[in-house]
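Student: I would like to learn how to read a structure that I have not met before. Could we go through it together, one feature at a time?

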Amino acid sequence: MTDVTGVAAVEEIRAEVLRALEMAATEEQLEDLRVAYLGRRGKLTQILRSLGSITPEVRRETGAAANELKEVFEEKLAARRKVLADKKLAALSGQEKIDVTLPGRPYLRGGLHPTTRIIREILDTFVSMGFAIAEGPEVEWDRYNFESLNIPKDHPARDIWDTLWVDYTDDSGYRPMLLRTHTSPMQARIMETVNPPVRVVVPGKCYRYEATDATHEWHFYQIEGLAVDEGITFGNLKGTLYEFAQRMFGEERKIRFRCDYFPFVEPGVDMSIDCFQCDGDGCRICSHTGWIEIMGAGMVHPNVLSSAGYDSSVYTGFAFGMGPERIAMLKYGIDDIRNFYSNDLRFLREVGD
Ligand code: FA5
């Protein structure tokens, strides 16, 4: 390339590119121009690349002219882009009008299901008393749901829990499983894995093959509690559950224990609180008894301790099991448990959080 050809070529490009820039009417055309002159194979790029192969005198002049043109081109390109973008915006704002008097679009906010809300509230109360939280399987073996809880096969107490069975076959053949009827199997599972002292609460879903009514669902939650150590007495059970009831339902609440039968505790009790609606006088909520039953409880049966490998001559413990939906019903005045899982948004919005 000669001197004349080098600088002349740059000047030729300058005239061409400045004209083209003025004429470009869209952002796409500007981009095409950029590629045509400054892209990898662009005209100006090629001149810049060829500088290394020309004589030093020619290189200096041609290089200076080409670099100056590159700068001018980039500046004008940016300025032209801005002119086009401003034009586009002005055109748009002419077409689009925002009516600031229109009401805003409402957005839907998710919330906590009432069961989740009450479970968290109950668990928080026990955690603040030093209990840990554990969870376990909903599909369970007969061994945990019944046998380890002092309910052998063919024991009449099995009738208390109407069970949904699951067919299961593995290498050892057909082995029936079940949908756990209560959270008590976790008592055995926990004691098998940790040494005393134990203080744990277990929330979880349970299933029973039973007809539904205002206080019974075929699937519902329970919260199990278990405390095992040396020297635990019925007094500890009463004190813990009394504290729980006062924190959940108010300091003025009274509690009552009555004998009840569960094969895995001895003695077994059910615990009631005096009705917070009528203060024990009797009303529709407490079926005119003045008391509302909230859970089953008792001292862990020595057979349950020893079947989990604990020495029942050294350790004692208490256990309890409550239904959070029933507690939510009492606390929030809900009159039918079937509302919880029928997916009626009006109910969920009213009672959820
Ligand atoms: C039991 O299930 C025992 N495992 C509780 C227990 C644990 C006793 C540890 C002693 C020691 P029960 O069947 O009563 O007991 O159920 C306990 C609670 O679960 C009830 O008080 C009730 O709140 C709830 N519950 C039971 N069946 C249903 C149901 N069908 N629908 C809703 N809640 C239920």
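**Reading the sheet and the ligand site**

Tutor: Let us begin with a pair of strands in this predicted model: strand S10, residues 265-274, is joined to S11 by 8 bridges, and the two run antiparallel. Within this pairing, Ser 272 stands opposite Glu 293 in S11.

Student: What do strands of a sheet pair through?

Tutor: In general, the strands of a sheet pair through backbone hydrogen bonds, and the pairing is either parallel or antiparallel. Here an open sheet of 7 strands follows the order S1-S7-S8-S12-S11-S10-S9, and its pairing is mixed. Strand S1 (132-133) and strand S9 (255-259) each have a single partner strand and stand at the edges, so one side of each is left without a neighbour in the sheet.

Student: Where does the ligand sit, and which elements give two or more residues to the shell around it?

Tutor: The ligand sits in the largest pocket, and the elements that give two or more residues to its shell are strand S8 (219-230), strand S11 (291-300) and strand S12 (315-322). By class, that shell holds 9 nonpolar, 9 polar and 5 charged residues.

Student: Which atoms of the protein lie close to polar atoms of the ligand?

Tutor: One nitrogen atom of the ligand lies 2.9 Å from a polar side-chain atom of His 182, and a nitrogen atom of the ligand is 3.2 Å from an N or O atom in the side chain of Glu 210. With Gly 323 the backbone takes part, since a polar backbone atom there is 3.1 Å from an oxygen atom of the ligand. Taken alone the ligand exposes 680 Å², of which the protein buries 94%.

Terms used: Residues numbered from 1 in each chain as written. Predicted model: local features only at pLDDT ≥ 70, side-chain atom pairs only at ≥ 80, totals over all residues. Heavy atoms only, no water. Polar contact = N/O pair within 3.5 Å; in protein donor to acceptor, adjacent residues only side chain to side chain. Areas by Shrake-Rupley, 256 points an atom, 1.4 Å probe, with all protein chains shown as cover. 1 Å grid on protein atoms, 1.4 Å probe; cavity = no way out; pocket = protein on both sides within 12 Å on 5 of 7 lines; lining within 4 Å. Sits in = over half its atoms within 2 Å of the grid points. Helix = DSSP H or I, 4+ residues; strand = E, 2+ residues; numbered from the N terminus. Nonpolar A, V, L, I, M, F, W, Y, C, P; charged D, E, K, R; others polar. Pairing = 2+ DSSP bridges.
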